[in-house]
Amino acid sequence: MTGDNYAASLEDIQAAQKRIAPFAHVTSVQTCSALNELAGGRQLFFKCEIFQRTGAFKFRGACNSVQLLSDEEAKKGVVTHSSGNHAAALALAAKLRGIPAHIVVPHTTPQCKVDAVRAYGGTLYFCEPTVDAREAKCAEVAATTGATLVPPYNYGPVIAGQGTIALEFLEQVPDLDALVVPVSGGGMISGIALAAKALKPGIKIIAAEPGGTNGGADVALSKMAGWVVPCAKPNTIADGLQGRLGDLTWPVVRDLVDCVVVVDEQEIVGAMRLIMERMKLVVEPSGAVGLAAVLSPAFGASAQTRGCKRVGVVLCGGNVDLGARGLWDCWIPKSARRED
C-alpha cells in the first residue's frame, strides 16, 4: 500500500470534517511561555483534544464511522473493542444516531472510562486484557447481534475522522513546522499525516511513543526495520497507547511519519505534571506523551526536528481515572484511610 492507495485521502478527511461538524467540537489551541522555555525556546502550540466530546480525540473517528452507516446497517448497531476512549466515543456516537453500541473492554479498563460507556448507553462486555481476547469477544458479539464492527484505529473512516485534527490545527496555526502526535495503533497519526502532508508537504510529523518498562516501542522498531516488528504491548502508565500498528496504519506511518521519539515512564509523568501545573489542564498519561517527547533529549538530537521552531503538540485525551487506588492517598491522613 503506497502512494494514493492509503486507507484515507485528503478528500475523505475533508468530507469527514463536514460530516461530523454538527456533532464534534472544534477544539482550542493553547500556548504556555513556561513550557516554551523548557523546550529550548521553541514555540509550542497545544491542540486540546481533552476538550473534545468524551474527553478525547477518539470521538472524531467514531462519529464519522457511525454517520457513514446506511440506515439498514445502523439498525443493528455497532460493536468494537477498546481500552477506553474509543469505547466511550463509539457509545456516544451511536447514542446520537439512536442505535445500539456493543463495547468489549478489558477488565483492567479504568473505572472512569467504564462509567462513561454506561452513561452513553453502551452495552459492556468484559474480557481478558489481551488483543486476542478482545478480538475474539468482539467477533462473538458481532456474530450474535449483526452489529457493524468499528475498529479503534485500523479502519478507513476512523483514520479519516482523526485526520480532521490536522485540518483544524493548520487552520488555527498555519505556519507550524512540525506536529507531534502520540502513537500506538496509528489511527490518529495516520489521519493527521495524510491531511497535513497533503496541505503542507514540508511539515514534519513526529510520533511520540511510550517505550514502557519492557521496551515495547514497536513503532520505533518498525520504522528502523522497514517492516512491522512483532512486539509485546508496552507496560506503561499511558494505557491508551498500548495498541499495535495495523495493515492500514503501517503504510502511512512508514511513508509519512518523519521520526519516532520514544519516552520513558518518568518523562511521561513529568510532562503530565507540567501540563497540570503550568497550563492548568487535566491530561491523562497518554495525552502527555507528546510534550514528553518534545522535552526529551532525543527530540533535540534528531535531524528531523532541527529547525522546527513552531511545534504543534496534540493533547489527545484527558480521562484520568480519579478513582484509581492510591491517587489521593497523599491528601488523606493514614488514620482516615479506608482499607478495602
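1. Let's start with a salt bridge in this predicted model. Glutamate 49 pairs with arginine 60, and their closest N and O atoms sit 2.8 Å apart. Glutamate 49 belongs to the loop between strand 2 (43–48) and helix 3 (58–68), while arginine 60 is in helix 3 itself, so the pair ties together parts that are 11 residues apart in sequence. If you are tallying such pairs, the count comes to 11 salt bridges.

2. It helps to have the domain layout at hand when you look at that pair. Domain 1 is made of two stretches, 10–56 + 155–314, and domain 2 covers 58–149. On your screen, you should find the C-alpha centres of the two domains 24 Å apart. Domain 1 puts 26 residues into the contact, and domain 2 puts in 20 residues.

3. How much area do domain 1 and domain 2 bury between them? The figure is about 1,900 Å², with 55% of it on carbon and sulfur atoms. On the domain 1 side, three residues are worth picking out: Arg19, Phe23 and Thr54 supply 29% of the area that domain 1 buries against domain 2, more than any other three residues.

4. Now for the polar side of this interface. Two salt bridges are found across the interface of domain 1 and domain 2. Nine residue pairs are in polar contact across the interface, with both partners at pLDDT 80 or more.

5. Which helices should you colour on the domain 1 face? Helix 1 (10–20) and helix 8 (156–172) each supply at least two residues of the side that touches domain 2. Helix 8 gives the most to this side of domain 1, with eight residues. Sorted by class, the side of domain 1 that touches domain 2 holds 10 nonpolar, eight polar and eight charged residues.

6. A last point concerns the database record. An unreviewed UniProt entry places the feature "domain: Tryptophan synthase beta chain-like PALP" at residues 25–317. Over that range the chain is 46% helix and 16% strand, and the C-alpha atoms at the two ends are 14 Å apart.

Note on methods
Residues are numbered from 1 along each chain as its sequence is written. This is a predicted model: local features need pLDDT of at least 70, side-chain atom pairs count only at pLDDT 80 or more; totals for chains, interfaces and linings use all residues. Side-chain values use heavy atoms; hydrogens and water are left out. Domain bounds come from an automatic or database domain assignment. Contact means heavy atoms within 4.5 Å. Buried area is the accessible area (1.4 Å probe) that two parts lose on being put together, summed over both. A salt bridge is a side-chain nitrogen of Lys or Arg within 4 Å of a carboxyl oxygen of Asp or Glu. A polar contact is a pair of N or O atoms within 3.5 Å; within protein, one must be able to donate a hydrogen and the other to accept it, and residues adjacent in sequence count only if both atoms are side-chain atoms. Helices (H or I, at least four residues) and strands (E, at least two) are DSSP runs, numbered from the N terminus. Ala, Val, Leu, Ile, Met, Phe, Trp, Tyr, Cys and Pro count as nonpolar, Asp, Glu, Lys and Arg as charged, and the others, Gly among them, as polar. UniProt positions are given in the numbering used here, feature names are shortened, and annotations may be inferred rather than shown by experiment.
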